[in-house]
Amino acid sequence: MKALIIATFGSTHRDALERDLKPVCDHIKNLVPEWETALAFTSRMVIRRIESRDGEKFMDEIEAIDYFISKGYKKEDIYIQPLHLIPGIEYEKLSKHVRDGVHVGEPLFAHKEDILHFAEKAEDVFRGPAIFVGHGSRHEADEMYISLDEELKSRGLAMAVSTLEGELTEEPVFDLFERKGWRELNLYPLLLLAGDHAKNDIAAEKDSYREELEGRGFKVHTSLDGLGTYPFIQKMYGEKLVKLIGESDHA
């Protein structure tokens, strides 16, 4: 008897939960149809806002673990598959439970191989010229965004990565596109869920990436699809869970 917690930062935007989160959750659940599953948000702020607004209470990762323990599961029978992009601050809320016997999978970008796989798919899945806008982090795992940016450029793709709060700020990316003459471009959220950041910081008409680019004379096409909508991303997360199960079976 095993249990699976699918853990994400979460979002207060219902459309993002339905459009971006549900497909990847469904894909993962289908890999272990006999397991009991639960969804957990690692953002307490998101949990509080949804409960205050809608009266619905989502579990955090600690509550989800306790929920399964209350149902008779042992910690070593509980698996967590994160839907975070990097092994940063939010991911560490999950990984610390490994010491208690809970099995915790990898985020999307955990190794160089993950970066290579995303870059390989990017040329076929996304339309260039393109800027991928991620959240970024003060955590050392922010280097994953830098690695992805370098890999896209090394392949000669008209694509780059920028972050809202990381080292890859927007100004160098905008300057690059101007130098290259890429005057028409696509903005993609490098986010699992295209919620608040995607709508307000990336695609909004004011105070956003879109506004600044249009102010520089670029023609901008925006996407409000989070990464969870893309089948190859769903498959990547599924493979993380399969890897986790295999490692635990041979431990």
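Here is a short walk through a predicted model, one selection at a time.

**Stop 1: helix α10**

Start by selecting residues 231-249, which make up helix α10. How far apart should the ends of its 19 residues be? At 1.5 Å a residue, the helix should span 27 Å, and the end C-alpha atoms are indeed 27 Å apart, so expectation and model agree.

Now colour the buried residues of α10: Phe-232, Ile-233, Gln-234, Met-236, Tyr-237, Gly-238, Lys-240, Leu-241, Leu-244, Ile-245 and Ser-248. What covers them? Show β1 (3-8), α1 (14-31), β3 (78-82), β4 (103-104) and α5 (112-125), which are among the elements doing the covering. Two of these helices, α1 and α5, come up again below.

**Stop 2: α1 against α10**

Keep α10 on screen and add α1. The two pack at an angle of about 35°, with their axes 9 Å apart, and the crossing is right-handed. To see where they touch, show side chains for Pro-23, Val-24, His-27, Ile-28 and Leu-31 on the α1 side. Their partners in α10 are Gln-234, Lys-235, Tyr-237, Gly-238, Leu-241 and Val-242. Sorted by class, this α1 and α10 contact has seven nonpolar, three polar and one charged residues.

**Stop 3: α5 against α10**

Hide α1 and bring in α5. Here the angle with α10 is about 160° and the axes lie 11 Å apart. An angle over 145° counts as roughly antiparallel, so that is how α5 and α10 run relative to each other. Their crossing is right-handed. On α5, pick Asp-114, His-117, Phe-118, Lys-121 and Val-125; on α10, pick Phe-232, Ile-233, Met-236 and Lys-240. Those residues make the contact, which by class has five nonpolar, one polar and three charged residues.

**Stop 4: α5 against α6**

Leave α5 where it is and swap α10 for helix α6, residues 143-154. The axes of α5 and α6 come within 9 Å and cross at roughly 45°. Are they parallel or oblique? At that angle, α5 and α6 are therefore oblique to each other. The crossing, once more, is right-handed. From α5, the contact uses Lys-112, Ile-115, Leu-116, Phe-118, Ala-119 and Ala-122. From α6, select Met-144, Ser-147, Leu-148, Glu-151 and Leu-152. The class count for α5 with α6 is eight nonpolar, one polar and two charged residues. You have already met Phe-118, which is also listed in the contact of α5 with α10.

**Stop 5: along the loops**

Follow the chain into the loop between α5 and β5, where you'll find Pro-129. Zoom in on its bond to Gly-128: the peptide is cis, with omega of about -5°.

Next, go to the loop between β5 (130-134) and α6 and click on Arg-138. Is Arg-138 buried or exposed? Its relative accessible area is 74%, and over 50% counts as exposed, so Arg-138 is exposed. While you're there, draw a distance from its C-alpha to that of Ala-64: the two residues are 74 apart along the chain, and the atoms are separated by 27 Å.

Last, select Asp-207, in the loop between α8 (196-202) and α9 (209-215). What is the phi of Asp-207? It is positive, about 55°, although this residue is not a glycine. Asp-207 is exposed as well, with a relative accessible area of 67%.

Methods. Residues are numbered from 1 along each chain as its sequence is written. This is a predicted model: local features need pLDDT of at least 70, side-chain atom pairs count only at pLDDT 80 or more; totals for chains, interfaces and linings use all residues. Side-chain values use heavy atoms; hydrogens and water are left out. Helices (H or I, at least four residues) and strands (E, at least two) are DSSP runs, numbered from the N terminus. The expected span of a helix is 1.5 Å times one less than its number of residues. Buried means under 20% relative accessible area, exposed over 50%, partly exposed in between (1.4 Å probe, protein chains only). Contact means heavy atoms within 4.5 Å. Axes are lines fitted to C-alpha atoms, for helices over the stretch in contact, and angles run from 0 to 180 degrees between N-to-C directions. Angles under 35 degrees count as roughly parallel, over 145 as roughly antiparallel, 65 to 115 as roughly perpendicular and the rest as oblique. A crossing is left-handed if the near helix is turned anticlockwise from the far one by less than a right angle, and right-handed if clockwise. Ala, Val, Leu, Ile, Met, Phe, Trp, Tyr, Cys and Pro count as nonpolar, Asp, Glu, Lys and Arg as charged, and the others, Gly among them, as polar.
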